[in-house]
Structure formats: structure tokens, C-alpha cells
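Here is a short set of exercises to work through with the model open beside you. Try each task before you read its solution.

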Amino acid sequence: MKVTELAIYPLKSARAIPLQTARIEARGLAGDRRMMITDPSGHFITQRELPALAGLTALPSATHLKLSLDDGREMMVAPPHPERRMNVAIWKSIVSAAVADDSVNARLSEWFGREMKLVFFDGEASRSASTEWAGPDSPVGFSDGYQILVTTAGSLKAINDDMAAHGEGSVGMERFRPNIVVDCDEAWAEDGWAAIEIGGIRFDLVKPCARCIMTTQDQITGSREVASPMPAMGRIRMSGDRRVPGPLFGWNVVPRGEGSIAVGDAVTVIERRAEGWTIKRRG
């Protein structure tokens with residue numbers, strides 16, 4: 001097996017940035033989900049309630065962040081002052097984040113037609129993944145809960161085969177917003193992987209990923225008038241374990257080392273689960 005795709009999402013819920021190589025840090029892929037949009041009170045905003053975020057591209061550089069939309073609107077954003085901070089809420093976590101300048105926030109608010117703020121997970125911010133699943137001292141940025149999401153080509157094919165059998169079209173891997181895609185041909189083989197190794201780094205698969213409405217949205221336009229994988233996941237991938245309810249696709253992964261990985265790198269299963277994950281039977 002090998003890595004076929006790598007991606008980061010510098011701004012949570014904005015567009016993916018494909019990579020050929022990625023630096024692995026304790027918080028996941030370097031630069032992944034280090035920025036976020038919030039409402040004025042600091043509550044996070046995603047494509048779930050604002051599908052138009054799919055059209056926003058965030059490209060960080062050493063000195064600035066470039067934000068752009070497909071219609072040509074763009075702006076360069078300077079790094080925030082570390083003393084300009086606010087508490088922001090992402091699920092059950094409260095994080096002290098750095099806040100962009102008022103002019104940046106005003107322009108973003110104009111772009112999307114609602115008041116919002118751009119916040120940064122900087123060196124003074126701190127957040128940890130669930131100790132129940134990831135263990136102690138497991139730092140994470142603005143991702144939903146864990147450092148890395150791994151998916152496989154074989155599992156996507158199983159979803160698309162079921163969709164085709166029901167006349168529902170097909171979807172691409174981008175719908176599931178993974179960081180690492182593995183070319184394993186066997187559908188759902190990842191349910192049996194406890195740990196994999198890529199580039200000499202151990203990655204523990206700690207929890208399957210329950211999926212939401214974002215999988216039904218085109219990741220370029222934000223439209224929901226497109227083929228949806230939800231019915232297929234409901235038929236063949238409903239969790240049978242109440243700890244993680246709902247349709248499942250992909251696994252949340254915790255890196256246990258640092259270094260670099262690349263597209264084309266070998267993926268080796270170094271530890272297996274005694275049992276996979278319980279899936280409800282159809283019918």
C-alpha cells in the first residue's frame with residue numbers, strides 16, 4: 001500500500017490544499033486547521049451552517065495569509081498580534097486564539113454577508129484531543145477533534161458502488177476532507193488497523209469518523225444539489241457502537257512521532273485490532 005493523496009485545510013471548513021510532501025507534527029500535518037472563522041461571540045462557523053466557505057481559499061506564506069474567492073476578490077492578511085486575543089468555542093473546547101485585525105474581519109463579513117471573525121491557533125493557544133481515545137498529552141489545533149484523518153480508496157469505491165446500484169451517482173474523496181489517502185483496495189480494511197507506519201512514523205488509528213452534512217456538499221461551490229453519499233453510508237456504514245453513532249467513513253489518527261511523509265510513501269500496518277468496528281446490518 002502507499003499514500004496517494006495528502007492535503008491540509010489551513011482554514012477550517014475552507015478549501016483543501018493538496019500537497020506532495022507534508023511535515024508531521026504532534027498536532028498533525030503542519031499548517032492544518034490553524035485558522036478558523038467564528039461568529040462575534042467566538043463560536044466556530046463551518047460549512048455545516050455556511051456552505052459558501054467551500055469557495056474560500058486560504059494560502060499561508062512565511063509572511064502573510066492570502067484569502068481569495070473564485071470571483072477574484074482577495075486580500076492579504078498579516079499575522080495577528082499575539083496580545084489581540086479572544087476565547088473561541090469549538091465543540092466542547094474553549095481556546096484562547098489570536099484575532100485578525102478589525103479591517104480583515106470587516107471585509108470577511110462583507111464577503112459572506114454576516115458578521116464574523118478570523119482567528120488563529122498560534123503559539124499561545126492550547127487544546128487537547130479526547131484522552132479517552134487519543135491518550136494523554138495529545139495536542140490538536142482547530143480540527144473537529146483529532147490530529148489527522150485517514151481514508152482509503154477501497155472504502156470510497158464501496159460507497160460509490162452502492163450509490164451506483166441505487167442510481168445515486170458518485171462522489172470523490174474530497175467530500176470526506178481527508179489528510180492522508182491510502183490506496184488499499186480492500187473496503188473497510190482500515191477498521192482492523194490499530195496502527196500504521198509511514199515514513200518511519202507511527203500513526204495510531206484511535207476512532208472512526210462519524211460523518212455529517214458536509215459530505216453532501218460540493219467542495220468547490222458548496223452546493224448541496226449534488227450526489228450525496230449519505231444514503232449509501234446509511235445502508236452500509238452505520239455504526240453499531242453507541243460510543244460513535246451515525247454513518248462512518250475514515251479514521252481519526254494520532255501521530256506518535258514527527259518527520260516528513262510524501263505521496264508515494266509505503267504504508268505498513270504494524271498493529272491490528274483483535275476485532276474491527278461493529279457495523280449495523282442492513283435490513
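## Exercise 1: S13 and its contacts

Once neighbours within four places in sequence are set aside, S13 is in contact with T46, Q47, L53, A54, R177 and M214, where contact means heavy atoms within 4.5 Å. This is a predicted model, in which local features need pLDDT of at least 70 and side-chain atom pairs count only at pLDDT 80 or more, while totals for chains, interfaces and linings use all residues. Residues are numbered from 1 along each chain as its sequence is written, and side-chain values use heavy atoms, with hydrogens and water left out.

Task: Where does S13 lie, and is S13 buried or exposed?

Solution.
- Step 1: find the element. S13 is in the loop between strand 1 and strand 2 (17–19). Helices (H or I, at least four residues) and strands (E, at least two) are DSSP runs, numbered from the N terminus.
- Step 2: check the surface. The relative accessible area of S13 is 4%, so S13 is buried. Buried means under 20% relative accessible area, exposed over 50%, and partly exposed in between, with a 1.4 Å probe and protein chains only.
- Step 3: look at the backbone. S13 is not a glycine, yet its phi is positive, at about 75°.

## Exercise 2: a contact partner of S13

Task: Describe the place, burial and phi of R177.

Solution.
- Step 1: R177 sits in the loop between helix 3 (153–165) and strand 14.
- Step 2: with a relative accessible area of 8%, R177 is buried.
- Step 3: R177, a residue other than glycine, has a positive phi near 50°.
- Step 4: link back to the previous exercise. R177 is one of the residues in contact with S13.

## Exercise 3: T152 and H166

Task: Which of the three classes, buried, partly exposed or exposed, fits T152, and which fits H166?

Solution.
- Step 1: T152 belongs to strand 13. Its relative accessible area is 0%, so T152 is buried.
- Step 2: list the contacts. Apart from neighbours within four places in sequence, T152 is in contact with M173, V182, C184, E190, W193 and F249.
- Step 3: compare sequence and space. T152 and G250 are 98 residues apart along the chain, and their C-alpha atoms are separated by 7.4 Å.
- Step 4: turn to H166, in the loop between helix 3 and strand 14. H166 has 41% relative accessibility and counts as partly exposed.
- Step 5: for H166 and L56, 110 residues apart along the chain, the C-alpha separation is 33 Å.

## Exercise 4: two more loop residues

Task: Where are D101 and E124, and how accessible is each?

Solution.
- Step 1: D101 is in the loop between strand 11 (93–99) and helix 1 (102–112). At a relative accessible area of 44%, D101 is partly exposed.
- Step 2: D101 and R84 are 17 residues apart in sequence, with 8.5 Å from C-alpha to C-alpha.
- Step 3: E124 is in the loop between strand 12 (117–120) and helix 2. With 52% relative accessibility, E124 counts as exposed.
- Step 4: beyond neighbours within four places in sequence, E124 is in contact with P82 and R85.

## Exercise 5: the nonpolar cores

Task: Which residues touch the most other members of the largest nonpolar core?

Solution.
- Step 1: fix the term. A nonpolar core is a set of buried Ala, Val, Leu, Ile, Met, Phe, Trp, Tyr and Cys residues joined through side-chain atoms within 4.5 Å.
- Step 2: the largest core has 32 residues, and I180, I198, F203 and I261 touch the most other members.
- Step 3: among the elements that give two or more residues to this core are strand 1 (3–8), helix 2 (131–134), strand 13 (148–152) and strand 16 (201–210).
- Step 4: a second, separate core of 23 residues includes L11, L67, V104 and W111.
- Step 5: put this in context. In soluble globular proteins, nonpolar side chains tend to be buried together.

## Exercise 6: the whole chain

Task: How many helices and strands are there, and what share of residues counts as buried?

Solution.
- Step 1: the chain has 4 helices and 19 strands.
- Step 2: 53% of the 283 residues count as buried.
- Step 3: the C-alpha atoms fill a box of roughly 50 × 40 × 35 Å along the principal axes.
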